[in-house]
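This briefing goes through selected local features of one protein chain. Please keep the sequence and the model at hand while reading.

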Amino acid sequence: MNEQTPSEPTTGPGRTRQSAIYRRGTLGQVPRVPTHPDELESRARKAMSERAWAYVAGGAGAGATVSANRAAFDRWQVVPRMLHGTTTRDLRTEVLGTQLAAPVMLAPVGAADLVSPGSDVAIARGAAAAGTPYVFSTQGCVPMEETAVVMGDVPWWYQLYWSVDEGLVDSLIGRAEAAGAKALVVTLDTTMLGWRTRDLDLGSLPFTQGIGIAQYTSDPRFMEIVRERVAVAGDTPSPLAGARGAEKVVAAASGARTLVRQARRHPGGTRDNLRSPEPRAAVETFLDIYSNPGLSWGHIETLRSRTRLPVLLKGILHPDDAQRAFDSGMDGVVVSNHGGRQVDRSIASLDALVAVRERVGPDPVVLLDSGVRSGADVFVALALGADATLLGRPHIYGLALDGADGVQAVVEDVVAELDLTMGLAGAASLADIRSGGFVERRTT
């Protein structure tokens with residue numbers, strides 16, 4: 001506990017945010033982005049298309065892992081301490097050389113143009129306005145170089161999906177370094193897409209429409225592979241060959257719409273792209289090579305010679321894997337089950353965090369992703385061993401409701417609640433949260 005001499009209360013991000021909202025309330029203005037996590041989700045669902053909602057909110061299988069992530073937080077309670085005299089809070093921290101104003105970063109979310117056009121740039125603009133680092137997705141909708149410009153001086157990290165083409169892996173890493181990424185986050189848990197029932201029931205995969213492949217179509221190595229594919233394909237039969245009658249008419253109309261969407265997403269003019277086989281070939285190439293089902297520790301151990309950036313492995317859930325990551329020279333791990341989107345009935349990320357931290361000890365960098373919705377959640381995660389947390393779906397919900405301003409609002413609300421929770425519980429710093437015994441497991 002950090003005891004302080006009582007003094008005049010100071011204004012932190014929590015009270016500042018409260019004051020701004022209440023002052024607008026006197027003028028009859030209520031927040032465009034709800035502060036309650038459930039209301040935020042509910043309003044965002046109404047703002048999204050059916051396909052966008054399925055992709056963003058859906059989980060693997062019956063959704064047990066999505067539920068487990070929330071149930072894990074519900075098993076822990078904050079125990080505030082009284083008469084502590086704490087009037088100021090320091091939310092700042094540093095993770096692998098990246099300065100954070102608060103222990104919150106925006107998680108990578110692919111294909112977010114399903115929610116709002118120009119999503120990556122809007123998210124970056126909101127993150128930068130909130131002073132919050134953003135982990136760019138490999139499945140982004142805008143080339144990383146363009147998104148990096150919007151971040152300005154606010155640091156960003158790059159998430160890597162490991163392709164079956166090693167040249168592409170090196171190209172993406174090199175581009176991230178050149179564009180100013182401060183760390184590389186290698187996602188391990190998506191060597192194949194999970195059984196995502198909401199998307200499956202709609203027959204909806206955004207990548208087939210060219211959504212979420214902009215990091216690839218802007219990459220020279222990827223486009224080299226695409227052009228090789230076009231050259232080899234030659235006079236490949238139409239995918240409608242063999243279809244008959246009405247089936248052929250319906251399929252042709254649907255296929256035409258898909259080709260137009262692919263053409264619009266592909267670099268260059270839509271009219272020229274409609275005459276070119278490249279947009280369709282790019283989608284097909286992406287689906288073939290974007291991730292490597294054979295990814296192994298052998299691949300990971302090559303990273304130290306392939307990048308100068310700090311490297312974190314995302315998707316760690318077992319303590320043995322966390323230990324091996326650090327034994328292999330990695331700089332950090334992100335405990336994550338991909339927001340429940342990959343394996344149904346997976347262990348909750350928060351439960352895994354406790355076991356991972358116990359195994360690796362207090363010093364290695366361990367971040368938490370999956371299930372975080374509020375500042376109180378961040379407080380619990382820090383108390384259980386996280387150095388910082390990644391915020392996923394909530395910032396996308398903010399994007400759906402109010403674009404970049406919505407992203408900023410969600411981040412500022414989460415940080416505000418964290419600040420107020422610290423003040424009310426008696427924690428003056430993040431170190432206090434980790435050492436002060438502020439959480440306990442629910443007994444019933």
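The points below cover helix packing, aromatic pairs, buried loop and strand residues, and backbone angles. The model is predicted. Two helix pairs are described, H6 with H7 and H5 with H18. Nine aromatic pairs are counted, and six aromatic residues join in one cluster that includes Tyr161 and Tyr290.

**Helix H6 against helix H7**

- Helix H6 covers residues 144-151 and helix H7 covers residues 166-179; their axes are 10 Å apart and meet at an angle of about 25°.
- H6 is therefore roughly parallel to H7, since angles under 35 degrees are classed that way.
- The crossing of H6 past H7 is right-handed.
- On the H6 side the contact is formed by Met144, Glu145 and Ala148, and on the H7 side by Leu172, Arg175, Ala176 and Ala179.
- Five residues of this contact between H6 and H7 are nonpolar, two are charged and none is polar.

**Helix H5 against helix H18**

- Helix H5 (residues 119-130) packs on helix H18 (residues 393-425) at an angle of about 20°, with 7 Å between the axes.
- H5 and H18 are therefore roughly parallel to each other.
- H5 and H18 cross in a right-handed sense.
- H5 contributes Ser119, Ala122, Ile123, Arg125, Gly126, Ala127, Ala129 and Ala130 to the contact, while H18 contributes His395, Ile396, Leu399, Ala404, Val407, Gln408, Val411 and Glu412.
- By class, the residues in the contact of H5 with H18 are 10 nonpolar, four polar and two charged.

**Aromatic pairs and cluster**

- The count of aromatic pairs in the model is nine.
- One of them joins Tyr216 and Phe222 edge-to-face, with 5.5 Å between ring centres and 70° between the planes.
- Both Tyr216 and Phe222 are buried.
- Another edge-to-face pair is Phe379 with Phe438, at 6.0 Å centre to centre and 70° between the planes.
- This pair links distant parts of the chain, 59 residues apart: Phe379 belongs to helix H17, whereas Phe438 is in the loop between helix H19 (430-435) and strand S12 (439-441).
- Phe379 and Phe438 are both buried.
- Tyr216 and Phe222 also belong to one aromatic cluster with Tyr161, Phe207, Phe286 and Tyr290.

**Buried residues and their contacts**

- Lys314 is located in strand S8, which spans residues 311-316.
- With a relative accessible area of 3%, Lys314 is buried, because the class takes in values under 20%.
- Not counting residues up to four places away in sequence, Lys314 touches Pro108, Val185, Val186, Thr187, Leu188, Asp189, Val334, Ser336, His338, Asp369 and Leu390.
- Leu303 sits in the loop between helix H14 (297-300) and S8.
- The relative accessibility of Leu303 is 0%, and the residue therefore counts as buried.
- Leu303 and Val186 are separated by 117 residues in sequence, yet their C-alpha atoms are 9.9 Å apart.
- Apart from neighbours within four places in sequence, Leu303 is in contact with Trp162, Ile173, Leu184, Val186, Val311 and Met330.
- Val186 is thus listed among the contacts of both Lys314 and Leu303.
- Gly385 is found in the loop between helix H17 (375-383) and strand S11 (388-391).
- Gly385 is buried, its relative accessible area being 11%.
- From Gly385 to Gly361 the C-alpha distance is 9.4 Å, with their positions 24 residues apart in sequence.
- Once neighbours within four places in sequence are left aside, Gly385 contacts Leu353, Arg357 and Val366.

**Positive phi angles outside glycine**

- Ala111 is not a glycine, but has a positive phi of about 55°.
- The position of Ala111 is in the loop between strand S4 (104-106) and H5.
- Ala111 is buried, at a relative accessible area of 1%.
- Arg345, likewise not a glycine, has a positive phi of about 65°.
- The loop between strand S9 (332-335) and helix H16 (349-360) holds Arg345.
- Arg345 is exposed, having a relative accessible area of 70%, whereas Ala111 is buried.

How values were computed: Residues numbered from 1 in each chain as written. Predicted model: local features only at pLDDT ≥ 70, side-chain atom pairs only at ≥ 80, totals over all residues. Heavy atoms only, no water. Axes fitted to C-alpha atoms, helices over the stretch in contact; angles between N-to-C directions. Helix = DSSP H or I, 4+ residues; strand = E, 2+ residues; numbered from the N terminus. Parallel < 35°, antiparallel > 145°, perpendicular 65-115°, else oblique. Left-handed = near helix turned anticlockwise from the far one by under 90°. Contact = heavy atoms within 4.5 Å. Nonpolar A, V, L, I, M, F, W, Y, C, P; charged D, E, K, R; others polar. Buried < 20%, exposed > 50% of the residue type's maximum accessible area, 1.4 Å probe, protein only. Phe/Tyr/Trp six-rings, centres within 6.5 Å; stacked < 30°, edge-to-face > 60°.
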